[in-house]
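Thanks for coming. I will go through one structure today, starting with totals and then moving to individual sheets and helices.

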Amino acid sequence: MRRSGILRKQCIARGFFKRRIWFFSSYSDVELETVTVNVTIQDFVADVVSELFFRNVQQVSKETMFIFPVNSDTVVHTFYATMGDTRIEAMLWEKEEAQQLCKATLGMENLRYLQDQCDLWGPVFACFLGTLPPNAEVAISLCYVQELPLQPDGAAKFFWPNELFPRSNCLSWISGEKMSENLHFSICLKSAHGVSHIAINTSYTPLQYTAPDQTSAEFSLKSSPWMKGNLNLLVYYRGPPTLRAVVERQDPKAPPGSLLGDPVVMVTLIPNIPETAPNPGQLGEFLFLMDRSLFQDAQNTLLFLLKSLPLGCYFNIYSFGATFKAFYPQSVEYTQESMDNAVGRISSICPDLGGCDLLGLLRSIYSTPLLHGHPRQLFIFIQRKISNEEEAVMAEVYRYRDHHRCFCFPTNSCDSFNLSQAMALETKGECVCIHSRMSMTSEAVKCLQRALQPRASGISLQWDLPPGLEVSTIRKAPEVIFQGHQSSIYAQIHGQAQDAEVDEGAVTLQYHVGSQSFSYTLRFSLSPSSDDRLPVHRMAMMHLLWKLDWEATSRAEDILHSAVKSSLSLGVPSPFTSSVAVRMKQRGAWHHDSLPPDSSMLFSPSCNLVPCQLLWLRGFMPVWFKSTKFWMVQKCQFCLEMLGHKAPDTEALTLLSASCKEQDPPPEEQLMEELPASNISWDWTISPLSTRLCDFSGLRVVVALQKANGSWALTAALASALGLSKDDVEGRRPSEDMQPTAWATILALVWLHQYKWKVPWSELLEGKACRWLQDQAEVQLDECLEAANSLLGCFVEPTVFRI
């Protein structure tokens, strides 16, 4: 989760809320006084029960609203607020009935107004609490379950925002006396493999093991993180982390055969993936999505990306604006011919400053079938705002999140940074803010390097359960898991074991990394300790409901009705339900674990409806960089570029666009031999320091002339880009028997290597060249390297050939 529950103060203005700036501090009008949190973490799932006590310290009444941002791996299942003898409780209803109730709810326009006014972005749970009198207190009870992300060192990470720690004056905060009184934060850890140790950024009581085999432990916080930081807890478990299984007993009150009436197992897959894979084979499908408003800045980036792709992969290029276009109807194999064609068509991407139909483009891409063995990876370059379609975009990304990965590159002036970040996080990709034209190419190629890293594919799970039991998968294993990532699957265990004394099952994970096969087996107990809160069942229910929504056309009505009923009983949000909150006197409140009452009860004098919904906020959330120094560097770079920026030549741009439509793209070598005189060529404005470091025009030509297999042809264009004449190059060839292509490739490789410390974008290009040279058995690399160093006036060691 990005941030956790917060209280917002609003003041009424013409029936709407007029937003006020509120910083989290001890001087807030509504102060968080006491926090009680109980967290149970079992392997990679956390169950959180929290109580937050706020007080209005002002002498005037305040309108209050509770906002709780969520993500797709979090299920908020319980919320209620208590003010005096009044209780406000949020509950789920069938969607159609909830919509009718919302029409009868006064103040719903306040939530709709909030969508564009809040300084948060993305999905949130929001509930309007009403007027809080002077010195009055409101108690918030919030419960949720959450899948925890995997850290590179194998730890499970739990996060709790600093804003939800009680404040006090500076002296008391330093001494920790008042903090310890108002903070009750306990954490219980469980794992069948054993709890090893923890790392946390605040003071805490010693870790106490509560089981002889160290499978459970607990501790408490003594204070909030120092220097107003968020709480970051890393939990380390014993044993290899390849497989983890958590089995949760069924609800004894639920009918057998239903999700609640059967045990559920959560299996976390963390494949052990070597750094290098033998014979990587099929390398993926790479789709480049380019915002046409980035026309001039992005052509160099597309060139480097295309040239860096490996032979045998598949690719396509899309440009989007008010409409979208694809270079090819579907992805094509990366060959010399397809690469030449794509490079020649780059200049045909014309500027478009209209709308931004990213949603239509994504739907078109997702509708095309996946290429077996080629994991799909999207590189999205974006500058414009996606109007009001963020929620629909994220719904599509979430639906296909197990089938692809997104690398997003918003510009530093982009209004869609938050959307880009959310798409990357949802698909376990990466989001990099582009702060200069030069960094676009650099960051994109770095991400391509990560996209080409070894990955686990051909993933399968085989179950071995006692006779009489079988498994029904709710969320199946993905087709591919990338290095450093995890995937959690959920399955329902049906039936009755024939032998009651056999209480152990096993699951075997099989996958491939390149040509190498791996297999791991984990045995787990089928008789775990019961958990009345059912956190694993709640997570499984969330995935089941999304699965049913996806396959709704092929599901019977009775199955959907049963699933929705289970959703309501567990409080798990879904596409079939919606939230409604009710305000009533405490004596009229029903137990929050029960099903909602009949809707006719809500119109009685003892209770009334309260604005409460899952919303998609479209406001602005500030982007915080890692350090102030980093932020200042970006600002300085931006100012330098603005000072040297030149407006595009509109007339030349029109002529170029027209010529691109009238004739076929010229071959690479012709394009480089006859460089266009137009000032809208692939040149860009960069800082003077960067210009002195490297000859970028020569670099572009050298890169453009590289073949798909990594080699270069010996041409006048290449010689000129290297600062040589063709006669010099031909005359200094080590021997007449040496093939010209090999000699040209060695020269270009040595020339590129000189600039590696200045331009780190060439590593993939060098790697392709080295692999090609190593396949040429007759080439004497040492002799050629000596000749190339002499001709270029440099000294590059033989390690450049990776021998």
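**Overall numbers**

The accessible surface of the protein chain comes to about 35,800 Å², and carbon and sulfur atoms hold 52% of that area. Keep in mind throughout that this is a predicted model. The chain has 803 residues, and 54% of them are buried. In secondary structure, the protein chain comes to 22 helices and 33 strands. On contacts, take those with a separation of 6 or more: 77% of them are between residues 24 or more positions apart.

Next, the cysteines. How many disulfides does the structure hold? The count is 0. A disulfide is a covalent bond between the sulfur atoms of two cysteines. Take Cys612 as a case: its closest cysteine sulfur is in Cys127, at 4.1 Å, which is too far for a bond, because the cut-off for a disulfide is 2.5 Å. Cys612 also counts as buried, since its relative accessibility is 1%. Cys784 is buried as well, at 2% relative accessibility.

Now the sheets. As a reminder, strands of a sheet pair through backbone hydrogen bonds, either parallel or antiparallel.

One open sheet has 3 strands in the order E10-E15-E12, with antiparallel pairing. Its edge strands are E10, residues 156–160, and E12, residues 195–200, and each of these pairs on one side only. Neighbouring strands in this sheet are turned by 20° against each other on average, with direction ignored. Between E12 and E15, which covers residues 231–237, there are 5 bridges, and the two strands run antiparallel. If you want a residue pair to find this on screen, Ile200 stands opposite Leu233 in E15.

Another open sheet has 4 strands, ordered E16-E17-E28-E26, and here too the pairing is antiparallel. E16, at 243–248, and E26, at 469–475, are the edge strands, each pairing on one side only. The average turn between neighbouring strands of this sheet is 25°, direction ignored. E26 is joined to E28, residues 487–495, by 6 bridges, and these two run antiparallel. Val471 stands opposite Ile493 in E28.

Which helix packs on this sheet, touching E16, E17, E26 and E28? That is H11, residues 535–550. The direction of H11 makes about 65° with that of E26.

For a helix pair, look at H5, residues 295–308, and H6, residues 336–345. They pack at an angle of about 180°, with their axes 10 Å apart. H5 is therefore roughly antiparallel to H6. As for side chains and backbone in that contact, I will just name residues: Leu303, Leu306 and Lys307 in H5 meet Met339, Ala342 and Val343 in H6.

Last item, a strand that is mostly covered. E8 spans residues 121–132, and 10 of its 12 residues are buried. E8 is joined by 8 bridges to E5, residues 62–69, and the two run antiparallel. Within that pairing, Pro69 stands opposite Val124 in E8.

To recap: the cysteines form 0 disulfides, the two sheets I went through are open with antiparallel pairing, and H11 packs on the sheet that contains E26. That is what I have.

Definitions and conventions. Residues numbered from 1 in each chain as written. Predicted model: local features only at pLDDT ≥ 70, side-chain atom pairs only at ≥ 80, totals over all residues. Heavy atoms only, no water. Pairing = 2+ DSSP bridges. Axes fitted to C-alpha atoms, helices over the stretch in contact; angles between N-to-C directions. Buried < 20%, exposed > 50% of the residue type's maximum accessible area, 1.4 Å probe, protein only. Contact = heavy atoms within 4.5 Å. Areas by Shrake-Rupley, 256 points an atom, 1.4 Å probe, with all protein chains shown as cover. Parallel < 35°, antiparallel > 145°, perpendicular 65-115°, else oblique.
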